[in-house]
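Colleague: I have a structure open here and would like to talk it through slowly. Could you start with whatever stands out on the surface?

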Amino acid sequence: MTNQETITKLNEALNTLIKAYEELQNENTLLEEKIDNLNKDKKELEAKVTSLEDKNRNLEDNVNELNDSTEKQNNNINSMLGKIENLLGSKKNPNKYEKDNNKFDSREKGTFIKEEDNSKNSSLDQILEEEIDNTSANFRESSSNSENKIDLNRMASLLNGFNN
């Protein structure tokens with residue numbers, strides 16, 4: 001082999017190496033761009049995860065508030081029902097101290113109070129009926145919500161337990 005042939009072969013080998021190097025550089029640049037894009041996507045997904053976690057916390061707080069509110073409403077309903085049952089129970093079971101339109105005053109033992117006229121009693125009955133209607137309407141509204149359904153048998157047994 002002559003010098004000229006050696007130089008030509010070395011030149012061809014050098015050109016092949018340069019082309020391979022340029023291809024590798026292009027591939028490296030493309031891979032770096034992909035890495036950058038993947039990092040951007042990762043940051044966006046992390047931001048979405050953080051956002052979703054915040055929303056989840058807010059929703060959990062709202063659920064807790066709703067549960068507290070529901071619990072308070074149930075307690076209020078139970079309290080109203082207990083009061084109504086007490087009122088109705090005292091009306092159904094007349095005081096054993098009643099005699100001839102006189103009532104025994106438990107504040108002062110041994111004294112009797114004359115029962116007031118029927119118009120006041122009828123107005124009290126009317127108020128009581130209106131309160132019962134309002135309470136039952138509120139109870140129907142709250143029990144129509146599937147989350148706030150009340151076991152009526154359980155409530156009745158609880159209310160009966162309060163009377164004992």
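Modeller: Let me begin with charge, keeping in mind that this is a predicted model: Glu60, Asp61, Glu65, Asp68 and Glu71 gather on the surface in a patch of negative charge.

Colleague: Take Asp68 from that patch, then: where is its place?

Modeller: Asp68 has its place in helix H1, which covers residues 3-92.

Colleague: And is Asp68 buried, partly exposed or exposed?

Modeller: Asp68 counts as partly exposed, because its relative accessibility is 45%, and the range for that label runs between under 20% for buried and over 50% for exposed.

Colleague: Now for salt bridges, how many does the count come to?

Modeller: The count by the rule used here comes to 1 salt bridge, and in it the side chains of Arg57 and Asp54 meet, with 2.7 Å from N to O.

Colleague: How many residues apart are Arg57 and Asp54?

Modeller: They are 3 residues apart, which is about one turn of the helix, and both Arg57 and Asp54 lie in helix H1.

Colleague: What about the accessibility of Arg57 and of Asp54?

Modeller: Arg57 has a relative accessibility of 45% and so counts as partly exposed, while Asp54, with a relative accessibility of 34%, also counts as partly exposed.

Colleague: Let me step back to the whole chain: what is its secondary structure?

Modeller: The chain has 3 helices and 2 strands, and if you read along the sequence they follow the pattern α-β-β-α-α.

Colleague: How much of the chain counts as buried, and how much area does the chain expose?

Modeller: Of its 164 residues, 8% count as buried, and the chain exposes about 14500 Å², of which carbon and sulfur atoms supply 51%.

Colleague: What share of the contacts comes from residues 24 or more positions apart?

Modeller: Among contacts in the chain with a separation of 6 or more, residues 24 or more positions apart account for 48%.

Colleague: Can you give me a pair of residues to look at that are separated in sequence?

Modeller: You could look at Leu87 and Leu128, which are 41 residues apart in sequence and 8.6 Å apart in space, taken from C-alpha to C-alpha. Leu87 has its place in helix H1, and with a relative accessible area of 43%, Leu87 is partly exposed.

Notes: Residues are numbered from 1 along each chain as its sequence is written. This is a predicted model: local features need pLDDT of at least 70, side-chain atom pairs count only at pLDDT 80 or more; totals for chains, interfaces and linings use all residues. Side-chain values use heavy atoms; hydrogens and water are left out. Helices (H or I, at least four residues) and strands (E, at least two) are DSSP runs, numbered from the N terminus. Buried means under 20% relative accessible area, exposed over 50%, partly exposed in between (1.4 Å probe, protein chains only). Contact means heavy atoms within 4.5 Å. Accessible areas come from the Shrake-Rupley method with a 1.4 Å probe; for residues, only the protein chains shown count as cover. Patches are made of residues with over 30% relative accessible area and no salt bridge: like charges are joined within 9 Å, nonpolar side chains (Val, Leu, Ile, Met, Phe, Trp, Tyr) within 5 Å. A salt bridge is a side-chain nitrogen of Lys or Arg within 4 Å of a carboxyl oxygen of Asp or Glu. Lys and Arg count as positive and Asp and Glu as negative; His and the chain ends are not counted. The place of a charge is taken as NZ of Lys, CZ of Arg, CG of Asp or CD of Glu.
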